[in-house]
Amino acid sequence: MPGTLTHRPSRAALAALPSVIELLEDPAFRAGRPEVLVGGDLLDAPVRWIHTSERSDIARMLDGRELLLSMGTAWPEDDAGLTALVESLAEAGIAALVLELGTRYPTPPPAVLESARHHGIAFIVLHREVRFVTLTEAGHSRIIAGQMTALRARDEVREVFTSLALRGAPADHVVRELARALGAPVVLESLAHEALIAEVPVGNEANVLADWERRSRSAHRDGDRWLVVPVDARGKRWGFLVALPGPEHPAGRRNVLLQGAIALALGRLADGGRDEWATLARRHVLDPLLAGRFATSEAMAARLEAAGVPVTDRLLYGIALRGGEPTAAQIESWALGVGARARALPVPGRSGAPVIVVLLSLPAHRPLDDAALASLPRALSDGARVAITVGREARDVDAATLSLHEALDNAREPAPGEVLWVERRPLSRLLSSLRDDHRLLDHGERMLAPIVEHDQRTDGDLQRVLRAALSHPGNRTAAARAAHLSRSVFYQRLELIQSLLGVDLEDGETQTALHIALLSRHQ
């Protein structure tokens, strides 16, 4: 078998080289009427250079991957010598041996043919005399042209990703460009093997991201045909770029991935401690859930699992936090403290006010309860000002999506420091399921338009007052306190509301209709 090559070009350099079969198909070689005696897969070997020699000791002058041209004029006379010659060429790692017949050998020497087969060397004979200088010129032109193409490709790749880094392109855009350039899925993962940003063809997420952590660890350890390069700079490592198998790239797939890693590292150095990756990672799992932008539930589950939010055999909850200044990192840290995993993301609430939406994953045997949730405000820097809404318990992606929307739909209901469980509010739960029904929206608009327009004209608080009154039916003292008004001013506001709407706020059916109208404006 061929020995260790003296010359070890990179994989990218090999991809730029012509193969033996490609050279044989060149018109210069075809003029010699080549016949392949030992070929098959051996003809796919890349050719680094073309060498001509008649010497029997030429092997010591070779570095490997050459195509050797010879007329055999100085080859050994005996079969043992010919066998030893081919063996030495195999140890040198040549790509192919090409013998021109006619000068010394009218037919291929059987010993050479047998030894070439034994040692796995492509062996070709030329039946027509051809000037070797013509063959070397043609072959070297192709070799150099391929190398120049690879150099240009590397320059283009370097220019693209340098430009991205200088423009401050976000990490997800860099990953997207890498996937486009490589024609394969690319994942930016954390040091803990969580898929932070995954650029995967739609419909292929389940195959690519399934069991990501285990497969990633295996790839880091054993190679597993995945390309893995670190993202680091100045002695600090932030994560890894992983490219799954794909077509060869003229610049070399590893070179492309390395340029992407450099762009990402420069972005982290310029990040100023903001940890843009964490924010993008949260968006990449929560935005598709909220917008329904995923092909199948299985695909979304794979994306969540790969991002470190387990779904299988878990209880999932959508949670919304309004008020105060909690951070996603604080919420996710709280989740770890109660034995859960979470992803949190600030989003616009249904009313336009900012809300932090949270997807919480708990073990199936430990549902979320009041005690665990009570510890959340304590984990926040200003938890007393935070209102919390919890969607229904879910066991799969589709139900978790509904739970997230329930939490968002009702995020304006609880007062600061309060917790609202949608599961315990049947009317809120019903209206959340009907949030897209135009009849519900029309009902809310028709009933509340006069006080909505009044509040807009006067920067008033009639909607807040009405909400407080309906939240505390029969207890005007508590309602006035919830509206942050004195009893006398509160009663004045109620009279104005009745006048503008033309209704009796003491009527039970009217109260129900107004309550539904208010809730519909939050959907």
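Seven of the ten residues of helix H12 are buried, so H12 is largely enclosed by the rest of the structure. This report describes a predicted model, beginning with that helix and moving on to the strands and the cavity around it.

**Helix H12 and its neighbours**

Helix H12 spans residues 297-306. Its buried residues are Ala 299, Met 300, Ala 301, Ala 302, Arg 303, Leu 304 and Ala 306. A residue is called buried here when its relative accessible area is under 20%. The buried residues of H12 pack against several elements, among them strand S7, helix H11 and helix H15 (397-409). Helix H8 (205-209), helix H9 (212-222) and strand S12 (354-363) also belong to these packing partners. After H12 comes Gly 308, which has a positive phi near 95°.

**The four-stranded sheet**

Strand S7, one of the packing partners of H12, belongs to an open sheet of four strands. The order of the strands is S7-S6-S9-S8, and their pairing is antiparallel. Strands S7 (195-199) and S8 (227-233) lie at the edges, where each pairs on one side only. From one strand to the next, the twist averages 20°.

Strands of a sheet pair through backbone hydrogen bonds, either parallel or antiparallel. The table gives the strand pairs of this sheet, with an example of residues that stand opposite each other.

| Strand pair | Bridges | Sense | Example of partners |
|---|---|---|---|
| S6 and S7 | four | antiparallel | Val 186 and Glu 199 |
| S6 and S9 | five | antiparallel | Ser 190 and Gly 239 |
| S8 and S9 | seven | antiparallel | Val 231 and Gly 239 |

Gly 239 of S9 thus has a place in two pairings: Ser 190 stands opposite Gly 239, and Val 231 does as well. Strand S9 is mostly covered, with six of its eight residues buried. Strands S8 and S9 form a hairpin with two residues between the strands, and there Arg 234 takes a positive phi near 55°.

Helix H11 (residues 276-291) lies across S6, S7, S8 and strand S9 (236-243). With respect to S7, helix H11 runs at about 60°.

**A cavity beside S7**

Two cavities of 30 Å³ or more are found in a search of the whole structure. The second largest has a volume of about 40 Å³. Which elements give two or more residues to its lining? They are S7, H11 and H12. The largest share, four residues, comes from S7. The lining includes Ala 195, Leu 196, Ile 197 and Ala 198, together with His 284, Val 285, Arg 303 and Ala 306. Leu 209 and Ala 307 are also among the lining residues. By class, eight of the lining residues are nonpolar, one is polar and one is charged.

**Strand S5, enclosed on both faces**

A further set of strands includes S5 (residues 122-126). Five of the five residues of S5 are buried, so this strand is largely enclosed by the rest of the structure. Ala 122, Ile 124 and Leu 126 are buried on one side, and Phe 123 and Val 125 are buried on the other.

Strand S5 pairs with two strands in opposite senses, as the next sentences show. Strand S1 (residues 34-38) runs antiparallel to S5 and is joined to it by four bridges; within this pair, Val 36 stands opposite Ile 124. Strand S4 (residues 96-100) runs parallel to S5, with five bridges between them. In that pairing, the bridge partner of Glu 100 is Leu 126.

Conventions. Residues are numbered from 1 along each chain as its sequence is written. This is a predicted model: local features need pLDDT of at least 70, side-chain atom pairs count only at pLDDT 80 or more; totals for chains, interfaces and linings use all residues. Side-chain values use heavy atoms; hydrogens and water are left out. Two strands pair if DSSP finds at least two bridges between them. Axes are lines fitted to C-alpha atoms, for helices over the stretch in contact, and angles run from 0 to 180 degrees between N-to-C directions. Contact means heavy atoms within 4.5 Å. On a 1 Å grid over the protein atoms alone, a cavity is a set of points where a 1.4 Å probe fits but cannot get out, and a pocket is an open set with protein on both sides within 12 Å along at least five of seven lines; lining residues have an atom within 4 Å of a point. Grid points are joined across faces, edges and corners, and a volume is the space filled by probe spheres set on the points. Ala, Val, Leu, Ile, Met, Phe, Trp, Tyr, Cys and Pro count as nonpolar, Asp, Glu, Lys and Arg as charged, and the others, Gly among them, as polar. Buried means under 20% relative accessible area, exposed over 50%, partly exposed in between (1.4 Å probe, protein chains only).
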